[in-house]
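Me: I would like to learn how to read a model like this one, feature by feature. Please show me the structure, then start with the basic vocabulary.

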Amino acid sequence: MTDAHLLILIAGLLYGSGAFVALIEPRLGRPTSLAYLFPAAAGAVGLAAGVMVLQDPGPTIMSFAAPLPFVSFTLRLDGLSGLFLTLASLGATTSSLFASPYLRSGGVEDRGSLAFAYNVFLFALVGVFLADDIYTFLVLWEMMSLASFLLVLAGKPATEARPAAYSYFIMMHLATVLIIASFLLLYTRTGTWSFEGFRLFSAGLDPDTRAWVFLLAFAGFGMKAGVAPLHVWLPRAHPTAPSHVSALMSGVMITAGTYMLIRTAFEFAGPPLVEWGVLLVIAGSLGALLGALQALSANDIKKALAYSTVEHSGLIIMALGVSILLSSSSHAELASFVLGAALFHTANHMVFKSLMFLGAGCVVEAGHTRDLEEMGGLARRMPRMAAILIVGTGALAALPPLNGFVSEWTIFQGLLGLLSVNDGPVGAAVATAVAMVVALAGAFSVAGAVRLYGLTFLGKGRSGPASVAKEPSWRLAAPLLPLAFLCLALGLFSPVAFTTMVAIAAPITGAAVLSVPGQLLPGTLSTMPSIFPMGIAVLIAWGLLFALLPIAVLRRKRSVARTWTGSGESAPVRPSITAAAYAAAATQIFPTFFQRIEKVERAAEKERGRASLMHKAELGDPVEDAIYRPVPLILEGASRRVRWVQSGSIHQYMVYLIIAMMVAVGAMRWL
Amino acid sequence: MAVSDFYVTALQAALVLAVSPLLMTVFLKVKAWTQRRRGPPLLQPYADLMKLMEKDEVVSDTASPVFLYAPAVAFAATFAAAMLVPTFFGGAAVFTIGDLFVVVFLLSLARFAMALAALDTGSGFGGFGSSRDVILSAIVEPTLVGAILWGALVTGSTGGPGLAIDARPLPLIAALASYGLVIGSLIIVVLAETGRIPVDNPSTHLELTMIHEAMTLEYSGPRLALVEMTKAMRQFLFVAMLLLFAAPFGFAPDHDGIVPAIVLFMAKILAVCLALAFVETTTAKWRLFRLPELFTVGIALSVLAVMSAVVARGTLHAP
């Protein structure tokens with residue numbers, strides 16, 4: 001047993017103790033603070049273990065005898081699981097530190113059961129990345145889904161949390177069914193329960209089996225990863241959950257889907273086939289565009305962040321697809337580059353999305369609303385939070401020199417790599433089209449980020465919250481600081497981080513680990529091999545010096561006046577742009593990506609014989625209406641058709657019994 | 001960084017800062033000439049900038065630090081982007097700091113800063129200008145990315161030096177078609193991103209048509225000078241980028257040839273500005289919601305450019 005193993009055991013015990021303490025603490029009549037301190041400590045320990053594994057990724061196995069015959073629990077540590085262990089543990093620490101002051105401020109009811117579910121969720125979440133056999137994996141996977149279901153259910157308001165949790169519950173179980181089917185198919189062909197066995201036998205499988213295994217896994221894990229059009233649960237469940245949980249769900253939990261897709265495509269069913277790459281590239285890039293546009297139009301601050309998760313998840317899946325395309329055409333080095341880019345973006349997304357969700361939690365707490373229309377002007381009431389979150393918003397919008405920028409740059413380089421090795425016009429056309437869709441999605445995510453930050457923090461307060469909001473305490477803001485710092489550090493020191501990612505990806509795609517110069521971020525083309533992120537920061541700093549020096553030296557007098565709006569000084573309301581109007585240009589240019597929901601509401605009481613009508617128009621997700629609404633209708637129609645079967649007559653039921661028996665006997669003989 | 005690299009970097013910075021305002025006058029002059037007016041003197045923008053630097057400023061009561069620092073961030077990002085596009089010499093270390101993708105990302109940093117500042121004043125003008133700017137730029141960006149991909153296929157590099165230095169191994173006919181397409185798409189990008197007619201009218205203050213102007217209405221004094229300077233640099237940058245694709249010749253082969261190369265670059269950039277100003281005087285501004293049509297044309301042109309480059313390369317590599 002190595003040190004990393006020991007640390008992982010300690011972390012597991014700490015999560016367990018946290019769950020235990022969560023049940024006791026409320027009984028003693030005190031708020032749950034220890035129950036969140038345990039997972040924070042566990043996260044720190046897990047982080048240490050993750051870093052150790054990243055430094056020495058040679059696969060090691062831990063196995064435990066289970067209290068059941070023939071079953072043992074197996075964990076495996078390698079580069080990939082080390083990376084995700086690190087990310088999950090980082091998220092566990094920051095979210096847990098945030099959780100107890102957040103709950104004390106009264107956003108969500110502080111209950112022992114909530115803390116219990118939270119600890120179980122984290123235990124399972126970390127475990128999922130380490131599991132190395134079907135039993136262990138499925139037990140942890142279900143624990144993760146169920147615990148997070150309970151956490152979504154705890155969200156407020158209950159009228160919103162219940163349907164969101166319910167749709168999440170259904171989608172996750174559908175996903176689990178598909179995943180089990182994929183695993184069982186592997187089991188019947190390889191005769192082993194362990195992932196290690198899948199790795200050994202995968203090369204010998206026939207292509208049809210491999211294709212089915214991958215397709216089932218794609219549907220199952222893709223649902224968790226939020227791949228369009230399987231993403232519908234995500235923008236419902238993530239915003240309603242308490243913010244520390246949203247951060248974990250968006251930052252870490254969805255990556256469990258990506259992680260298992262990588263494992264399935266390259267290891268269990270690998271080596272991957274071209275068609276899978278095409279599938280992932282198309283689903284990923286369309287998901288990225290849809291997510292970016294929906295994030296641009298959502299009026300709920302947390303929903304906008306959830307759709308941004310759909311966008312970034314789409315980008316990651318797209319990059320994974322490109323890596324599969326390159327790997328299947330035996331460009332292993334390039335494939336490991338692009339897979340490294342996907343992993344890098346996963347890590348960066350985890351950092352900035354956790355930061356944004358925790359920050360959104362503070363904003364929602366301060367203003368008691370999630371509606372962007374009601375915010376505005378919060379920067380003057382909470383300058384500290386505004387300053388921290390501009391870093392997260394910048395990273396979200398992929399602005400240099402922050403971390404989102406460098407990983408999107410590597411993804412573009414990956415697409416370029418695909419284009420440059422493809423001499424056929426069809427492959428090149430796909431690569432070009434995807435690059436353009438990604439550029440469009442990226443630019444819309446900048447627009448969405450401007451809208452999100454600007455309408456929350458800047459300008460004039462549009463209603464109550466701006467006048468009541470208070471700066472959150474340092475205890476609440478402190479867990480955000482390391483994340484904001486990481487946004488900058490992962491950007492400036494991206495060459496080191498990216499080299500680590502490519503080193504993780506290399507054994508997966510079967511490439512040799514390439515050594516990269518320490519200061520430069522490598523590209524995929526031979527004549528423009530790299531960029532220099534620190535140099536970009538220096539150039540920007542140089543420009544800032546040019547700009548700020550004259551202003552600082554001249555020190556012109558500055559006076560304050562009301563903004564001229566054309567409506568006169570005495571006008572009670574100053575016209576300013578609303579959240580819906582900000583997105584209007586995009587929604588008019590791309591009507592296909594929005595579902596217009598119009599409602600006419602009639603007031604219950606007539607006033608002087610006249611009924612007042614209210615016309616409401618909302619923009620929704622087109623996928624929901626096109627795919628998800630018809631399903632229950634079809635099911636309902638089908639069940640109505642076969643309702644005559646249940647007549648209530650006992651004679652008829654006797655006939656059914658006899659028929660069933662005959663069929664059973666017949667089937668037995670036939671078999 | 002060698003000493004000579006240092007000189008080239010300093011020269012590039014000086015060129016960016018000194019020549020940018022001049023391009024503004026070229027536009028105004030050509031417009032004036034076609035309208036049979038004399039137009040402002042050549043050094044007018046410099047005088048304007050100096051005048052603004054001397055003025056006091058008025059700041060909106062809703063403004064936060066974002067409003068105060070956004071012009072500096074936008075200036076810095078645009079400056080950094082302009083430093084990555086070779087103008088007269090391609091071989092300096094500064095151009096290898098970032099490639100043209102980095103230029104695109106830096107420009108979006110500048111846009112992000114100004115769009116936020118426009119929202120910060122709390123005025124309807126600023127808000128709508130901000131919304132129009134981020135969304136119109138969003139639909140221009142794929143065209144630019146297409147052009148960069150084209151450059152990468154043709155020269156094997158996404159960086160400025162690649163376009164400035166490397167020979168193009170394309171057969172002539174295919175190259176001509178491919179060139180025409182990519183230049184056409186880039187002209188649309190330049191028109192849109194520099195806020196010229198038919199996309200935006202830089203000399204209007206009518207709220208229905210304003211995009212870029214509306215975003216900066218609330219600035220005054222030295223900060224307005226920064227905003228104007230940033231606009232000028234942005235125009236310089238886009239024209240320089242167009243030149244990098246359209247007229248990649250006359251770069252100094254070594255440090256000795258720098259002076260004639262700078263003169264040639266000035267001639268090239270003036271020629272492009274004259275042409276753009278002529279386009280501006282002969283067309284009318286388009287309605288906002290007709291603009292996506294223009295950008296669709298841009299995207300189509302750049303896709304075709306990339307495809308023709310792929311095909312040309314394919315025939316070249318074929319045995």
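Reply: Start with helices. A helix here is a DSSP run of H or I with at least four residues, numbered from the N terminus. By that count, R111(B) sits in helix 4 of chain B, residues 100-120. Keep in mind that this is a predicted model.

Me: Is R111(B) buried or exposed?

Reply: Buried means under 20% relative accessible area. R111(B) has 4% relative accessibility, so it counts as buried.

Me: Which residues does R111(B) touch, not counting those up to four places away in sequence?

Reply: The list is D133(B), V134(B), S137(B), E141(B) and E193(B). Take S137(B) from that list. The side chains of R111(B) and S137(B) are joined by a polar contact of 3.4 Å.

Me: Where is S137(B) found?

Reply: In helix 5 of chain B, residues 124-155. S137(B) is buried, with a relative accessible area of 4%. Its contacts, leaving aside neighbours within four places in sequence, are R111(B) and E193(B). E193(B) also appears among the residues that R111(B) touches.

Me: Let us step back to the whole chain. How many helices and strands does chain B have?

Reply: Chain B has 11 helices and 1 strand. Read from the N terminus, the order is α-α-β-α-α-α-α-α-α-α-α-α. The radius of gyration of chain B is 20 Å, close to the 20 Å from the globule rule for 319 residues, so chain B is as compact as a globular protein of that length.

Me: What does the C-alpha trace of chain B span along its principal axes?

Reply: About 70 × 45 × 45 Å. Add burial to the picture: 65% of the 319 residues of chain B count as buried. Then look at sequence separation. Among contacts in chain B between residues at least 6 apart in sequence, 79% join residues at least 24 apart.

Me: What about the surface and charges of chain B?

Reply: The accessible surface of chain B is about 11100 Å². Carbon and sulfur atoms account for 71% of that surface. Chain B carries 19 positive and 21 negative charges. The mean positions of the two sets are 10 Å apart.

Me: Now backbone geometry. What should I expect for phi and for peptide bonds?

Reply: Most residues other than glycine have a negative phi, and most peptide bonds are trans. Departures deserve a look. R36(B) is not a glycine, yet its phi is positive, about 60 degrees. R36(B) lies in the loop between helix 1 (3-34) and helix 2 (44-54) of chain B. With a relative accessible area of 80%, R36(B) is exposed.

Me: Where does H368(A) lie?

Reply: In chain A, in the loop between helix 13 (332-367) and helix 14 (378-381). H368(A) is not a glycine either, and its phi is positive at about 55 degrees. H368(A) counts as exposed, at 65% relative accessibility.

Me: And which peptide bonds in chain A are cis?

Reply: One is the bond from A228(A) to P229(A), with omega near 5 degrees. P229(A) lies in the loop between helix 8 (207-225) and helix 9 (234-240) of chain A. Another joins P400(A) and P401(A), with omega about 0 degrees. P401(A) is in the loop between helix 15 (383-396) and helix 16 (403-421) of chain A.

Me: Give me one residue in chain A to read from start to finish.

Reply: Take R199(A). It lies in helix 7 of chain A, residues 195-201. R199(A) is buried, with a relative accessible area of 16%. Beyond neighbours within four places in sequence, R199(A) is in contact with R76(A), D132(A), R263(A), E267(A) and F268(A). A polar contact of 2.8 Å joins the side chains of R199(A) and E267(A).

Me: How do I relate distance along the chain to distance in space?

Reply: Compare C-alpha atoms. R199(A) and L326(A) are 127 residues apart along the chain, and their C-alpha atoms are separated by 20 Å. L150(A) and L416(A) are 266 residues apart, with C-alpha atoms separated by 44 Å. L150(A) is in helix 5 of chain A, residues 134-153. L150(A) is partly exposed, with a relative accessible area of 46%.

Conventions
Residues numbered from 1 in each chain as written. Chains lettered and ligands numbered in written order. Heavy atoms only, no water. Helix = DSSP H or I, 4+ residues; strand = E, 2+ residues; numbered from the N terminus. Buried < 20%, exposed > 50% of the residue type's maximum accessible area, 1.4 Å probe, protein only. Contact = heavy atoms within 4.5 Å. Polar contact = N/O pair within 3.5 Å; in protein donor to acceptor, adjacent residues only side chain to side chain. Rg over C-alpha atoms; globule rule 2.2 N^0.38 Å. Areas by Shrake-Rupley, 256 points an atom, 1.4 Å probe, with all protein chains shown as cover. Lys, Arg positive; Asp, Glu negative; His and termini not counted. Charge placed at Lys NZ, Arg CZ, Asp CG, Glu CD.
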